[in-house]
Amino acid sequence: MRNYNFTFLVLLLALLLNACKNKKQHSIASDSSTTENLYFGQKPPGLIPEVFAPGIVSINGRNESNISFSPDLDEVYFTVNKKDEEVSIYFSKLKGNKWTPAKRANFTNGRKKEELYPFVSFDNKRIYFTALDSIFSDEKIWYVNRLEDSWSDAIQLDSPLNDDLIFYINQAKNGDLFYTNLSKKWKMYYAQNRKGKFPEVQEVEIEFGHHGFISPSQDYLLVYARNKENEKRKDNDIYVCFKEEDGTWTKPISIGNEVNSNFGEGCPSITPDGKYLFFTRAEDEGGLSNLYWVSTKIIDKLRPIEL
């Protein structure tokens, strides 16, 4: 009887170990499959920019601008401007191994005519965006809170930053908000996170640039502006300012010819993991832009040695 019990226990233990092994293998396979499908299954770029998700996100004949990913990289939100259509935010989600077809978000549910420049917060609980009825007249920052499987009604952010006309908001990991202040000659401003509130605003002291995007750790700030190296050129280029040890910023540095072409580049953004730079390039004959991406190693190469 004792031998029977011993044999039974050995068999039971073997079955349990095999079940755990299969579950682990399934989990690894699932994680690997999910990883392969990040960024719509696109092969990550190196130091040469590539069009992002052509025919899926970047579609010829329309204008795409900024893009923002959720912290887990399984949701994406981006700005689209189609002919004869108001500027809108589109989104797609990774469900299982497939991305859902991109569709319009309509966060304000028609209360504002246009919605643009989304940013998903690092805690994944909120999406900030710009909403307006008429260009250069009522641009304000709004947000929606995440519900179980949807988003709340849109709320205008209660902060002094909305006392001005502002847009292109984004956020560092510590919650500080950075944005372009249209009322203050398109200068860069920021508002420190005070337990989820933003009671004070300050100018970011850089020489030039707008549509700024702060890195997750605030060690550099990307902006764009008209090309400064050649007065004859009228196209926009992307520049980077690195934060000094004393909290000031370096002079804007051109991000280089790999990114800055003879076409217009703009609307920079960084993925939540800090690995990729996204930007727009207007190389369509009608001035329409597609989204491009490139490794952020291109930025690391420009970092001053002392930083």
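**Exercise A.** Find the bridge partner of Asn63 in strand 3, then describe how strand 2 and strand 3 are joined.

*Solution.* The model is predicted: local features require pLDDT of at least 70 and side-chain atom pairs pLDDT 80 or more, while totals for chains, interfaces and linings use all residues. Residues are numbered from 1 along each chain as its sequence is written, and side-chain values use heavy atoms, without hydrogens and water.

Start with the residue: Asn63 has Asn81 as its bridge partner. Then take the strands, which are DSSP runs of E with at least two residues, numbered from the N terminus. Strand 2 covers residues 63–69, and strand 3 covers residues 75–81. Five bridges join strand 2 to strand 3 in the antiparallel sense; pairing requires at least two bridges found by DSSP. Finally, look at the turn. The two strands make a hairpin with five residues between them, and Leu73 in this turn has a positive phi of about 65°.

**Exercise B.** Describe the surroundings of Glu64, beginning with whether this residue is buried or exposed.

*Solution.* Glu64 belongs to strand 2. Its relative accessibility is 0%, so Glu64 counts as buried. The cut-offs for relative accessible area are under 20% for buried, over 50% for exposed and partly exposed in between, with a 1.4 Å probe and protein chains only.

Next, list the polar partners. The Glu64 side chain has a polar contact with the side chain of Arg62 at 2.7 Å. It also reaches the backbone nitrogen of Ile59, at 2.9 Å. A polar contact is a pair of N or O atoms within 3.5 Å; within protein, one must be able to donate a hydrogen and the other to accept it, and residues adjacent in sequence count only if both atoms are side-chain atoms.

Then widen the search to contacts, meaning heavy atoms within 4.5 Å. With neighbours within four places in sequence left aside, the contacts of Glu64 include Val57, Thr79, Thr280 and Leu291.

Arg62 has a further partner: its charged end sits over the ring of Tyr90, 6.0 Å from the ring centre. This requires NZ of Lys or CZ of Arg within 6 Å of the ring centre and within 35 degrees of the ring normal.

**Exercise C.** Trace the pairings of strand 4, and state how many of its residues are buried.

*Solution.* Strand 4 runs over residues 88–95 and pairs with strand 3 through six antiparallel bridges. Among the bridge partners are Val76 with Ser92 and Tyr77 with Phe91. The hairpin of strand 3 and strand 4 has six residues between the strands, with Asp84 in the turn at a positive phi of about 60°.

Strand 4 also pairs with strand 5, residues 98–99, by two antiparallel bridges. Here Lys95 stands opposite Lys98. The hairpin of these strands has two residues between them, and Gly96 in the turn has a positive phi of about 70°.

Strand 6, residues 103–104, pairs antiparallel with strand 4 over two bridges, and Lys103 of strand 6 stands opposite Phe91.

Now the burial. Seven of the eight residues of strand 4 are buried, so the rest of the structure largely encloses this strand. In strand 3, six of the seven residues are buried.

**Exercise D.** Give the strand order of the open sheet that contains strand 7, and name its edge strands.

*Solution.* The order is 7-8-9-10, with antiparallel pairing. Strand 7 (114–120) and strand 10 (155–156) are the edges, each pairing on one side only. Strand 9, residues 140–145, is joined to strand 10 by two bridges. Tyr143 stands opposite Ile155 in strand 10. Arg126 lies over the face of Tyr143, 3.7 Å from the ring centre.

**Exercise E.** Classify the ring pair of Tyr117 and Tyr168, and count the disulfides.

*Solution.* Rings of Phe, Tyr and Trp (its six-membered ring) pair if their centres lie within 6.5 Å; planes under 30 degrees apart are stacked, over 60 edge-to-face and the rest tilted. The count is 28 aromatic pairs. For Tyr117 and Tyr168 the centres are 4.8 Å apart and the planes at 75°, so the pair is edge-to-face. Tyr117 lies in strand 7 and Tyr168 in strand 11 (residues 166–171), 51 residues apart. Both Tyr117 and Tyr168 are buried.

For disulfides, look for cysteine sulfur atoms within 2.5 Å. The count is zero. Among the cysteines, Cys241 is buried at 0% relative accessible area, and Cys267 is buried at 6%.

Note on methods
Helices (H or I, at least four residues) and strands (E, at least two) are DSSP runs, numbered from the N terminus.
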